[in-house]
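Biologist: I am new to this model and would like a close look at a single part. Please take one sheet and the helices around it, and then follow the contacts outward from there.

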Amino acid sequence: MGAAIHVRDLTIMAGESVLVDRLAFDIAPGQVLALIGESGSGKTTTALALMGYARDGCAIAPDSVVNVGERNVTALDAAAQRALRGRVVTYIAQSASASFNPSRTIMDQVVEPAGIHKTMPRAEAEKRAVELFRELALPNPETIGARYPHQVSGGQLQRLMAAMALITDPDLVILDEPTTALDVTTQVEVLRAFRRVVQQRKTSAVYVSHDLAVVAQVADHILVLRHGKMREYGESDQILHAPADDYTRSLLAAARPKERHADAPDDAVHARADAPLLRTDPEGTRRAPQPLLQIDALCAGYGPLDAQGRPQNRILDKVDLKLYRGQAIGVIGESGSGKTTLARAVAGLIAPFEGRIAFDGKTMSPQLDQRSRDELRRIQIVFQIADTALNPAHTIERILARPLQFYHGLQGKALRTRIAQLLDMVRLPRTLMERPPAALSGGQKQRVNLARALAAEPDLLLCDEVTSALDTVVGAAVLDLMADLRKDLGVSYLFISHDLHTVRAICDEIVVMQHGRKVTQVAREDYDRGPHHPYYELLSRSVPELRRGWIDEVQLPKTETVA
């Protein structure tokens with residue numbers, strides 16, 4: 001059963017800097033408090049303080065009061081705090097896949113907290129785990145524990161992590177962006193499961209998120225943070241529908257995507273791909289423009305090859321696509337639908353075993369090392385996670401210098417001048433040149449990631465979930481920037497995402513993928529006109545709306561299965 005949470009004057013310091021400034025809030029048993037705000041606002045720092053934990057170099061001020069039931073967590077010694085974590089207060093991280101040990105079964109890991117804290121014997125813990133699997137709507141609850149983490153889907157693994165957190169009957173559960181990396185249909189099921197278990201067990205919960213539409217489905221109260229200070233605190237309905245603070249209103253505005261479609265070059269196509277606009281050649285003849293990118297019957301996969309030279313794991317199955325110069329096409333679908341594999345095949349990072357990829361009318365080699373330097377330059381990929389895409393040992397200047405040297409041979413003053421221009425282009429201060437990626441915020445790193453791709457002066461950018469790891473405000477700013485760059489530079493986009501609202505905001509057309517196949521393609525003028533393919537309708541219905549009660553109304557078929 002949960003306990004009342006009472007926080008007063010919570011202050012967290014990093015040297016002389018104040019990271020969290022005298023916060024105060026309460027949580028009743030069975031209720032959820034959402035902490036929202038942009039990156040760096042102090043959400044996770046505040047949540048971790050409820051466990052008596054501060055990151056290296058940080059400290060919780062001694063006069064801070066964090067009561068979990070009758071215990072003041074900040075007044076406990078280190079040993080008592082360790083005994084509290086995983087027993088009284090538990091934590092569900094954003095990335096379950098990074099939190100599970102791949103060499104141990106799921107059951108071994110789920111019951112481990114019960115063994116560490118000696119709350120029950122192993123046999124009883126396993127029985128309890130199966131009950132939790134059932135409560136969390138996991139398939140095959142009696143046998144799923146025998147599997148290994150890689151043998152279940154992302155949504156199932158996130159719920160299994162919740163089972164691990166709940167097995168000791170904690171008073172408080174901290175959920176730190178637990179659905180950010182999930183596709184929309186899986187997110188709905190996970191949110192329903194989390195909410196149901198919290199209500200049934202009367203567990204107090206803190207939900208850390210930057211997604212207001214998600215928060216609207218689970219939170220009873222919302223605390224809005226910016227730069228470590230409380231900007232607004234109140235019941236969810238009041239915050240969502242009658243916010244008192246200007247910053248809260250800006251978050252709500254960013255959570256309702258507007259169309260960021262910039263005017264594209266004259267030869268861009270805004271009609272269906274099978275009915276492109278005509279253009280006049282020098283001889284005066286009206287002709288359909290040639291696609292910048294044409295994909296015909298593309299098949300690709302991973303793993304050992306069979307006797308026919310086909311990979312064991314077939315991901316893409318006869319995908320066709322046309323993208324014209326200046327056009328932005330979105331590719332959406334659930335996890336495992338083949339979106340990223342499609343982008344990697346176009347980039348040459350994975351060789352398809354069947355089909356053809358043509359760029360500007362010329363068939364490209366499927367192998368990256370067999371493509372010309374000019375082909376490499378003209379197609380650039382912007383990866384989802386800037387933290388892993390940028391070399392942490394290099395400065396921003398060196399990161400941007402490498403493509404400029406490789407593709408354009410720039411050196412000396414010309415090189416430094418172009419780096420400064422690229423930073424201006426992505427609206428970053430030139431003073432960042434000498435800093436390493438670790439000294440930048442998430443939004444700044446993603447802009448550097450984008451600037452590095454633009455340094456090659458490409459014709460096509462492959463954008464793989466470029467805003468999914470960013471908070472709402474920063475993500476909206478990056479989308480605005482991409483729309484402006486498209487207008488100014490004439491660059492084309494293949495925009496990979498599981499967020500239909502984001503894709504609709506920036507793209508001319510949407511390609512919908514399911515199980516490695518292209519099931520439909522929807523033009524901009526048809527976004528709000530139906531009927532559409534049932535799977536497109538499913539994805540559309542699965543995007544959370546910015547109102548409470550939506551999650552109780554939406555009806556989704558059961559599509560998730562154990563791998």
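Modeller: What follows starts at one sheet, moves to its helices, and ends with a second sheet and a few single residues. The model is predicted.

The part chosen is an open sheet of 6 strands with mixed pairing, in the order S19-S20-S21-S16-S22-S23. S19 and S23 (517-523) stand at the edges with a single partner strand each, so one side of each is left without a neighbour in the sheet. On average, and with direction ignored, neighbouring strands of this sheet are turned by 20° against each other.

Begin at the S19 edge. S19 covers residues 379-382, and its side chains point two ways: Ile379 and Ile381 to one, Gln380 and Val382 to the other. This fits a general pattern: in a regular strand the side chains alternate between the two faces of the sheet. Are these four residues of S19 buried or exposed? All of them are buried, Gln380 included. The partner of S19 is S20 (residues 460-464); the two strands run parallel and are joined by 4 bridges. Within this pair, isoleucine 379 stands opposite leucine 460 of S20.

At the other edge the pairing has the opposite sense. S22 (residues 509-514) and S23 run antiparallel, with 6 bridges between them. Here valine 512 has threonine 520 of S23 opposite. Helix H20 (residues 534-542) packs on the sheet at this end, where H20 touches S16 (328-332), S22 and S23. The direction of H20 makes about 100° with that of S22.

H20 also meets another helix, H8 (residues 184-201). Two packed helices are described by the angle between their axes and the distance between the axes. For H8 and H20, the axes come within 8 Å and cross at roughly 45°. The two helices are therefore oblique to each other. The crossing of H8 past H20 is left-handed. On the H8 side the contact is made by Val184, Thr185 and Val188, and on the H20 side by Leu538, Leu539 and Ser542. By class, this contact of H8 with H20 has 4 nonpolar and 2 polar residues, and no charged ones.

A second helix pair, H17 (residues 442-455) and H18 (residues 472-489), can be set beside that one. The axes of H17 and H18 come within 10 Å and cross at roughly 20°. That angle is under 35 degrees, so H17 and H18 count as roughly parallel to each other. H17 passes H18 in a right-handed crossing. From H17, Gly443, Arg447, Leu450 and Leu454 take part; from H18 come Val474, Ala477, Val478, Leu481, Met482, Leu485 and Leu489. The contact of H17 with H18 has 9 nonpolar residues, 1 polar and 1 charged.

There is also another sheet to describe. This open sheet of 6 strands has mixed pairing and the order S7-S8-S9-S3-S10-S11. S7 (89-92) and S11 (229-235) are its edge strands, each pairing on one side only. Its neighbouring strands are turned by 15° against each other on average, direction ignored. S8 (residues 172-176) and S9 (residues 204-208) run parallel and are joined by 5 bridges, and leucine 175 stands opposite tyrosine 207 of S9. Helix H11 (residues 246-255) packs on this sheet, touching S3 (32-36), S10 (221-226) and S11, and its direction makes about 100° with that of S10. Helix H7 (residues 154-166) lies across S7 and S8, running at about 170° to S7.

Three single residues complete the answer. Valine 7 is found in strand S1 (residues 5-14). It has a relative accessible area of 0% and is therefore buried. Beyond its neighbours within four places in sequence, valine 7 is in contact with Leu23, Ala24, Phe25, Asp26, Leu50, Val65 and Val66. Lysine 118 lies in the loop between H5 (112-116) and H6 (122-135). Although not a glycine, lysine 118 has a positive phi of about 55°. Lysine 118 is exposed, with a relative accessible area of 72%. Asparagine 140 is found in the loop between H6 and H7. Phi of asparagine 140 is also positive, near 50°, in a residue other than glycine. With 46% relative accessibility, asparagine 140 counts as partly exposed.

How values were computed:
Residues numbered from 1 in each chain as written. Predicted model: local features only at pLDDT ≥ 70, side-chain atom pairs only at ≥ 80, totals over all residues. Heavy atoms only, no water. Buried < 20%, exposed > 50% of the residue type's maximum accessible area, 1.4 Å probe, protein only. Pairing = 2+ DSSP bridges. Axes fitted to C-alpha atoms, helices over the stretch in contact; angles between N-to-C directions. Parallel < 35°, antiparallel > 145°, perpendicular 65-115°, else oblique. Left-handed = near helix turned anticlockwise from the far one by under 90°. Contact = heavy atoms within 4.5 Å. Nonpolar A, V, L, I, M, F, W, Y, C, P; charged D, E, K, R; others polar.
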